[in-house]
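Work through the exercises below with the sequence and the model in view, and try each task before reading its solution.

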Amino acid sequence: MRGMSTVWRNLGLDAILMAVLLLLYEGLDPFTDRSPVARVVRLVLATALLIGVLPGSYLHSVLRRLSPRVEAAPKWVVLAAGIAFPLLALFLSAQMAYDFAVILEETPGLVFSIALSALQAVVLALNLLAVKDTLAKEMK
Amino acid sequence: MNGGRQRQFRPGPRDNISLAFVIVLLFSPLGWASQLNLQAPSGRPAQALTFTPHVTPLDLTVTPQPTVPVPVGPLASPIPIPGGPQPSNGTPEPTPKISGGDSTVGYEFIDTPESPRWRIWIEDQVYIVSPDDPATIALLDAFRNEADKRATAASAMDQAKLDSKNSDKASLWGAVGLVGGGIAALASCLATPLTLVAGIGCVGGIVAAIGGLGAIGTSQAERGQAVATLNQETTNYNSATAEAGRLFDALTRNQGP
């Protein structure tokens, strides 16, 4: 049942990378009235989280160490969450991309929201593959 | 059994501390990000919000002045002054200044010794109105009203756009909380034995997930409200712009060249 821990790890990486992208956007957005200190704090946090998810780094190893616990969880919960969470985030980021393109007409926000949508699409695809493998093994 | 190194996961204190570390790292930015929303120095306005209609509060005690009939000769019709209103030579600036609208569609009271007059403009067309008959006064009042409505609508549109942007970001932070809290709760609530740290992680994860879900719901409702307001104010803005243009034409026709 390795698929479940893979789905869980993907979701963890997804949450961390979403936070990184949001912090980067809030730190760099030229259209927001924000003090330099608040921007620097966001960029430092984003960098700390980004370094953490590099292979072998602290957050990556934490996720790797904790993922076996999920094997004891109800299968349907993990698999449903693995598909539903990226789908929800994909909807929200696509909605944000629409707002930036049509209502706000801000290029930095549009680029950010497209990157966020792409991240969700990748996580969704990876989780769908993991779910498919898990279910295929179950059928055998 | 013999020689087979079957590794079984046994969560220890290190795992529980790691879990708490993940939760802290994952959710601390949420609180800090909202708490550190400090104001930028006053000399550096945001680029998206640099457009602030120049609306000076209208002192209604002065408005009866246009109704004073003053015999003046016909004024020069549309004065081509590019770039909006500019103080005319030799005309002292009225104090307090009565003006409204914005740099595109607006008005300004010009108090001259000879007569009370109004400068009105649409884009690069500027016209001096001398309200010396009831029709002109009515048209001028209507024009001023539309210019104010247009400026108010523009301000409301800017606010609705800002609200929409903020609610989009809040939705995504909510998604981070939901996903991060969900996976943290899943991992920590299943810890055997359920230690104190794992229990805290379990409760914290559930709270973060519920909070994230609530943030998504609330911000989506706010976004819907902002979009509805934006649509309404856009309609008002366009309507006021068109009406102001019609009134401007009527005023120029009414007063003649």
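**Exercise 1: the nonpolar core**

Task: find which residues touch the most other members of the largest nonpolar core, and which element gives the largest share.

Solution. In this predicted model, the largest nonpolar core (buried Ala, Val, Leu, Ile, Met, Phe, Trp, Tyr and Cys residues joined through C-beta atoms within 7 Å) has 58 residues, of which A:Met18, A:Ala19, A:Leu22, B:Ala175, B:Val176 and B:Val179 touch the most other members. Buried here means that 20 or more other C-beta atoms, placed from the backbone, lie within 10 Å of the residue's own. Next, take the elements that give two or more residues to this core, including helix 1 (2–28) of chain A and helix 2 (134–189) of chain B; helices are DSSP runs of H or I, at least four residues, numbered from the N terminus. The largest share, 14 residues, comes from helix 1 of chain A.

Residues are numbered from 1 along each chain as written, with chains lettered from A and ligands numbered from 1 in written order. Local features need pLDDT of at least 70 and side-chain atom pairs 80 or more, whereas totals for chains, interfaces and linings use all residues.

**Exercise 2: confidence**

Task: where in chain A is confidence lowest, and where highest?

Solution. The mean pLDDT (the predictor's confidence in each residue, from 0 to 100) of chain A is 92, with 99% of its residues at 70 or more. Confidence is lowest in helix 3 (residues 58–66) of chain A, at a mean of 89, and highest in helix 2 (residues 36–52) of chain A, at 96.

Definitions and conventions
Buried ≥ 20, exposed ≤ 12 C-beta atoms within 10 Å, placed from the backbone.
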